[in-house]
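Reader: I have a protein model open and I keep getting lost among its strands. Could you go through some of it with me?

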Amino acid sequence: MLKLLMLLTLTEICATQNDITLSVFTVTSKSMTVQWSGHTGASSYKITATPKNSPEPSVFAQFSGNSVMGSVNSLSPNTVYTMQVEAMDNALNVLGSAETEETTAPEVPIIEQAYSKQSDSITVEFTEVSGATSYILRAESEMGDFFSETLVTSSPGTVLQLQPYTDYSLSVMSVNSGGRSQPSRPIQTKTVVVAPELNTSSPSNDTIRVTWSPVEYAVLYTLCIIRQGSDSRLKLNTTEPTVTFGDLEPGTVYCIKGTAWDPDGRPGDDLTVCQITRPPSPEAVHVMLTQGRSLGISVNWQIVQGAEIYTALSSNGQNCTSTADGYCVITPLDCGQNHSVTVIAHNRAGPSDPSLPEDFVTFPCPPENIWVEEHEAGSCWVAWSVVPLVEYYKAFIKRDDGAEESCNTTDTTCQFHCMCGYTYLTTVFAHNQAGPSPQGDVLNYTTIPCCPEDVSVELVSTETLEIMWSSVRGAELYETTAAQTDDVIHCNDTAPVCALSDLKCNTVYSVVVTPCSELRGCNRTCKPHSHETAPCSPEILNVTQTNATTVRVSFTTPNSPNATYTVTAIGRIDTHTCHSLSTPCELTQLPCGTTYEVIAVANTATGRSLPSFSVPLETGPCCPTSLNVEQVTQAMTNVTWSPGHGARSYITALTSPRGHAKCHTLDTHCMMGCITCGTNYSVSLEAISSTGHKSHCSYQGFSSSACCPTSVKLYRMANNSLRVYWRSSGLPQTQNHTVDLYGTSSNYTCIPATRSSSCDVQEVMCGDVYTVVVAPVGQDGSKISFCPRRMYSVSCSGSNVGMVIYRGKRSVN
């Protein structure tokens, strides 16, 4: 249609003269509108429409000089016209012209009828007109909210996408190459209502229930039901939105068509759904026991119409299914039950009613709670609980060496011969008319194990007994005990050997080997064996060094009187031992400054005890072999000594009635002060070990040197001599002295008379500084070297000694 309009609008022809152009603007059945370009000087325009192939007369129209568009009416439908425009001046002279050809639209169709059979469409029947190539159906809603144009080729035509039960105004236009005709006279038509949305179900195997939601504007519903494959049908009118069809065939498909009617009595859309009825109940149900390795109930039945799947249900909740075959198997099969089996057929509509029940009794269950009683040695009874639905029992007893026996009974006990140390496998089967029960639990019963005969008990350590024996039949575990009054030591093992440790020392134990099995227990009748453990270890109570070479060791004696005790001192290079029946025991000839570990051991006829806890023994350190005292100053000495074996520190003492000096050192020398001059001292030394052991050592006495004089002064004398004067300090008056003067160029020595406190030095050179030293002389003639020195300056008076000036005192060099 758009293409056709473009052709009508754009068709034009160039002017033959003066550049006038002409084109057709619109076309109808009886008119044509053209437009042209203006011409200069034109006062009017004449449009002439001349039929091209028709004897009909031409039709023209006159327009003013300002017009560029005009219409020519009273044309014939579906006719080709030559359209001419002429520009004329006031004298009606033609200034220019142009021509084009176009066809008028066909005749206007007439609507014969319009009707709606679907809720979304209206069908229009109209008269077809000559020359029309197509038709346009126009539909408009009364509310003005809908407008559509539908192109059709012939009558009738249908307008789609409409709303249900809605009024529409419909008209039709014919179309050819020239354009479309005017719309026909409109008619009013309403669409029908929609079809009900049917929902179907089959409550039972002979009914179908149909429900739907009410349809808007519907006043009546028509439902038509027909059996699939049949021509018979049933039609039903109703105003309610639900219908139930009864007396139907089970397992059969029925199709239901539903239609709604509007208030005008017009049927609306129709909708068809199909529904199958539930299947009938299966019949001829038969139940039997299946054969083979997997026992079950085989259920058979007759196939019914319309069933898609079958389910066989047992009264104990088991089931099986089948899709096509008329049988299935319920597994696993439980024993001792009276089954009631029904079969239900299913299809899409649901299940059928269950079939009549079929009863079936299964084989009995195996006996439970099987036990064995051994009333006396060699005679056993196997017993079990009562099982329902049983006619008789059969018991099988198999010994672990292959021997087997059995018995049949209606009772719940059976006697058999049993021997110690064997395992018996016991099985009991129950029987009824359906057959034997499955095999139940196999009872393992082991008779009491036999006692070992070749038990040997040996003491392998001080507090451990090793017990050995040969394995016995039926024993899985051996329980070995060593008992002494209320104290019992246990050892459990599967091997025929056991070590009982942590026993009490010096004790007689009663040893019993008891064989056991898990199921039967232990044989408590085996005879005991007695054995004594090793003696107890003594405990060292005290170690005392009685003298430089002897140590006394005290210890406990926890054993019987026949025990002997050995005490041993173990050193790095030597060992010392003493033996005793009781405490104490003395170790002799021990060297000084030596460390030992002392242990005690008890011995009896049974064996030797563990050694006691060791006690460290350290003999006193050795005294140094030499010691020397050397006086360094008037009040200080230097004492040196040789090392003492085993000593780590030393305490050296110089003792006199006038006082004493002491020094504690790790070295082998010590500088000691507070020495009084001219005094006799006793010399002693303590050697101390790292653990505090002490040895007291005495040495030759020491005498300190004589005291240095005091108040030493120098005076000038006549004849170039100098007098040295001093004062003795607590010294014997018989003490000899020596006087020395040390100058830069000359030295002088003066030996004073006994008991003298001065000495003159002759011919002293003046003009020098002298150091004056006055020192006592020892008994051996040696001169004390540590007395203080005084300095004097001696000036010259002419050639003689002048002034003597004291310059100070200085220590010994």
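Reader: How many bridges pair strand β10 with β13, and in which sense?
Author: In this predicted model, strand β10, which covers residues 121-126, pairs with β13 over three bridges, and the sense of that pairing is antiparallel. One pair of residues to look for is I122 and V159, since I122 stands opposite V159 in β13.

Reader: OK, and what order do the strands take in that open sheet?
Author: The open sheet has three strands in the order β9-β10-β13, and the pairing is antiparallel. Its edge strands are β9, at 111-118, and β13, at 157-159, each of which pairs on one side only. From one strand to the next, the twist averages 25 degrees.

Reader: Changing topic a bit, what is the strand order in the open sheet of four strands?
Author: There the order reads β5-β4-β7-β8, again with antiparallel pairing.

Reader: And why is one side of β5 and of β8 left without a neighbour in the sheet?
Author: Strands β5 (59-64) and β8 (94-103) stand at the edges and have a single partner strand each, so one side of each has no neighbour in the sheet. The twist in this sheet averages 15 degrees from one strand to the next.

Reader: How many bridges join β7 to β8?
Author: Nine bridges join β8 to strand β7, which is made up of residues 80-88, and the two run antiparallel. Within that pairing, M83 stands opposite T100 in β8.

Reader: Let's move along the chain, then. Which strands does β25 pair with?
Author: Strand β25, residues 309-314, pairs with strand β28, residues 338-347, in the antiparallel sense over six bridges, and I309 stands opposite H346 in β28. Strand β25 is also joined by four bridges to β26, residues 319-322, and these two run antiparallel as well. On that side, Y310 has S322 in β26 as its bridge partner.

Reader: What do β25 and β26 form, and how many residues lie between them?
Author: They form a hairpin with four residues between the strands, and in the turn G317 has a positive phi of about 95 degrees.

Reader: Last thing, how many cavities of 30 Å³ or more are there?
Author: The count comes to one cavity of 30 Å³ or more, and the largest cavity holds about 30 Å³ of space.

Reader: Which residues line the largest cavity?
Author: Its lining consists of P452, V455, V513, C526, K527 and H529. Sorted by class, that lining has four nonpolar residues, one polar and one charged.

Key. Residues numbered from 1 in each chain as written. Predicted model: local features only at pLDDT ≥ 70, side-chain atom pairs only at ≥ 80, totals over all residues. Heavy atoms only, no water. Pairing = 2+ DSSP bridges. 1 Å grid on protein atoms, 1.4 Å probe; cavity = no way out; pocket = protein on both sides within 12 Å on 5 of 7 lines; lining within 4 Å. Points joined across faces, edges and corners; volume = space filled by probe spheres on them. Nonpolar A, V, L, I, M, F, W, Y, C, P; charged D, E, K, R; others polar. Axes fitted to C-alpha atoms, helices over the stretch in contact; angles between N-to-C directions.
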